[in-house]
Amino acid sequence: MAHRLFLLKWLHSLIAFFMLGCLFYILYAGVTGTFNIFLLIAIAAILIEGAAISLNKCQCPLTTLAEKHGAEKGSVADIFMPGIIARNLFKWSPFVFAGELILLGVRYFTG
């Protein structure tokens with residue numbers, strides 16, 4: 001069981017870092033006015049993650065999976081990144097994403 005939880009934490013960490021990379025790329029694209037396939041992929045990834053979380057009662061599906069494998073309260077959340085980021089990433093990401101979409105819209109229509 002501990003081995004599976006460790007693998008879930010690694011998977012969760014990889015996904016979290018990928019999503020952070022997507023958020024940073026969307027910000028970069030908004031600041032520089034870069035509109036390309038990578039921007040579409042980043043936006044799609046964030047939207048798919050948001051849909052998965054929404055469909056799972058506003059909880060990460062990996063948390064549910066971790067609980068099925070014996071983790072207390074889905075402890076997969078203590079992923080391999082600084083605690084302050086891990087605790088707040090879920091809270092602030094939607095606001096950051098919304099701001100980035102506004103920035104992209106402004107850049108697209110005025111740029």
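**Four helices and the loop between two of them**

Let me begin at a single residue, Lys 57, which counts as exposed because its relative accessibility is 77%, where exposed means over 50% relative accessible area, buried means under 20%, and partly exposed lies in between, with a 1.4 Å probe and protein chains only. Before going on, I should say that this is a predicted model, in which local features need pLDDT of at least 70 and side-chain atom pairs count only at pLDDT 80 or more, while totals for chains, interfaces and linings use all residues. Residues are numbered from 1 along each chain as its sequence is written, and side-chain values use heavy atoms, with hydrogens and water left out.

Lys 57 is found in the loop between α2 and α3, and its phi is near 60°, a positive value in a residue other than glycine. Most residues other than glycine have a negative phi. Cys 58, which is placed in the loop between α2 and α3, has a positive phi of about 60° although it is not a glycine, and with 57% relative accessibility Cys 58 counts as exposed. Elsewhere in the chain, α1 is followed by Gly 33, whose phi is positive, near 70°.

Let me step back to the whole chain, whose secondary structure comes to 4 helices and 0 strands (helices are DSSP runs of H or I with at least four residues, strands are runs of E with at least two, and both are numbered from the N terminus). Read along the sequence, this gives the pattern α-α-α-α. The C-alpha trace spans about 55 × 25 × 25 Å along its principal axes, and of the 111 residues of the chain, 32% count as buried. Among the contacts (heavy atoms within 4.5 Å) with a separation of 6 or more, 69% are accounted for by residues 24 or more positions apart.

Which helix should we look at next? I suggest α1, which has 31 residues and reaches 44 Å from its first C-alpha to its last, and which packs with partners that I will take in turn. The axes of α1 and α2 come within 9 Å and cross at roughly 130°, axes being lines fitted to C-alpha atoms, for helices over the stretch in contact, with angles from 0 to 180 degrees between N-to-C directions. The two helices, α1 and α2, are therefore oblique to each other; angles under 35 degrees count as roughly parallel, over 145 as roughly antiparallel, 65 to 115 as roughly perpendicular, and the rest as oblique. The residues that make this contact include Phe 18, Cys 22, Tyr 25 and Ala 29 of α1, and Phe 38, Leu 39, Ala 42 and Ile 46 of α2.

One residue of that contact deserves a closer look, and it is Leu 39, found in helix α2. Is Leu 39 buried or exposed? Leu 39 counts as buried, because its relative accessibility is 4%. Leaving aside its neighbours within four places in sequence, Leu 39 is in contact with Tyr 25, Ile 26, Ala 29, Thr 34 and Leu 104. Of these, Ala 29 is 10 residues from Leu 39 in sequence, and the two are 6.9 Å apart in space, C-alpha to C-alpha.

With α3, the picture is as follows: α1 and α3 pack at an angle of about 175°, with their axes 10 Å apart, and they are therefore roughly antiparallel to each other. Leu 5, Leu 8, Leu 11, His 12 and Ile 15 of α1 make that contact with Leu 62, Leu 65 and Ala 66 of α3.

Finally, there is α4, residues 83-110, which has 28 residues and reaches 39 Å from its first C-alpha to its last. Where does α4 bend? The bend is at Leu 89, by about 55°, taken as the angle between axes fitted to the seven residues ending there and the seven starting there. The axes of α1 and α4 come within 9 Å and cross at roughly 25°, which makes α1 roughly parallel to α4. That contact involves, among others, Ala 16, Leu 20, Leu 27 and Val 31 of α1, together with Ile 85, Leu 89, Phe 97 and Arg 107 of α4. Within α4, Leu 89, Ser 93, Phe 97, Glu 100 and Leu 104 are buried, and the buried residues of α4 pack against α1 (2-32) and α2 (37-55).

Definitions and conventions:
The expected span of a helix is 1.5 Å times one less than its number of residues.
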